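Colleague: Thanks for making time today. Could we go through the labels on this model together, and set each one against its definition?
Modeller: Gladly, let's have it in front of us.

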Amino acid sequence: GMVAQARAALAGVAHPFRFEVSPADRIPREEASVDVVISNCVLNLSADKPKVFSEIARVLRPGGRFAISDVVADEDMDAETRADMQKWTGCIAGALTEAEFRHSMKVAGLEDVTINETHRVHEHAGSALIRAVKPV
């Protein structure tokens, strides 16, 4: 809302734009109608991550971008930690590994995937900036 508008102004965004907030697994937009999808640590909380990725790919226009900050599980995170409800609320459980992120986005039709860890949030997980593009 207002914070996003203010940040966009500070960043020098000049062309007309509109922010919309929606559930990640059912974005109320037409196919190929969105330039950018952003999110902050909610993908891990989704029970149906493939649906989220396919929905993002559906609404992005060709050349549209996807950029989120989320938790990425290390390959060695144990199944118990990944399923623990208390850790789920802290965005640790439910976290995909880097390989799972890459695979899920590829299946959804996104490409040029980059995953850059920014800092550790758990013994077996880090916060990362995750980006992808819908091919033209």
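Colleague: To begin, which residue stands opposite Arg65 in strand 5?
Modeller: Val133 stands opposite Arg65 there. Before we go on: this is a predicted model, where local features need pLDDT of at least 70 and side-chain atom pairs count only at pLDDT 80 or more, while totals for chains, interfaces and linings use all residues. Residues are numbered from 1 along each chain as its sequence is written, and side-chain values use heavy atoms, with hydrogens and water left out.

Colleague: What makes strand 2 and strand 5 a pair?
Modeller: Two strands pair if DSSP finds at least two bridges between them, and strands are DSSP runs of E with at least two residues, while helices are runs of H or I with at least four, numbered from the N terminus. Strand 2 (residues 60-73) and strand 5 (residues 125-133) are joined by 9 bridges and run antiparallel, so they meet the definition of a pair.

Colleague: How do you know that strand 4 pairs with strand 5?
Modeller: Strand 4 (residues 111-122) shares 8 bridges with strand 5, also in the antiparallel sense. His122 has Ala125 as its bridge partner, and a hairpin of 2 residues joins the two strands.

Colleague: Why is Asn44 called buried?
Modeller: Buried means under 20% relative accessible area, exposed over 50%, and partly exposed in between, with a 1.4 Å probe and protein chains only. Asn44 has 0%, so it is buried. This residue lies in the loop between strand 1 (34-40) and helix 2 (49-59).

Colleague: What makes the link between Asn44 and Asp70 a polar contact?
Modeller: The term needs a pair of N or O atoms within 3.5 Å; within protein, one must be able to donate a hydrogen and the other to accept it, and residues adjacent in sequence count only if both atoms are side-chain atoms. The side chains of Asn44 and Asp70 are joined at 2.7 Å.

Colleague: What is the largest nonpolar core made of?
Modeller: A nonpolar core is a set of buried Ala, Val, Leu, Ile, Met, Phe, Trp, Tyr and Cys residues joined through side-chain atoms within 4.5 Å. The largest has 22 residues, and those with the most contacts inside it are Ile56, Phe66, Phe101, Met105 and Ile130. Helix 2 gives the largest share, 5 residues.

Colleague: Which residues does Phe66 touch?
Modeller: Contact means heavy atoms within 4.5 Å. Leaving aside neighbours within four places in sequence, the partners of Phe66 include Val37, Phe53, Met105 and Ile130. There is also a second, separate core of 8 residues, including Cys41 and Val71.

Colleague: Why does Ala32 stand out, and is it buried or partly exposed?
Modeller: Ala32 has a positive phi of about 55° although it is not a glycine. Most residues other than glycine have a negative phi. Ala32 is at 38% relative accessibility, so it counts as partly exposed, and it sits in the loop between helix 1 and strand 1.

Colleague: How does Asp112 fare on accessibility?
Modeller: Asp112 is at 56%, so it counts as exposed. Asp112 lies in strand 4 and has a positive phi of about 55° too, although it is not a glycine.

Colleague: And what makes Arg61 partly exposed?
Modeller: Its relative accessible area is 32%, so Arg61 falls in the middle class. Arg61 belongs to strand 2, and among its contacts outside four places in sequence are Ala32 and Lys134.
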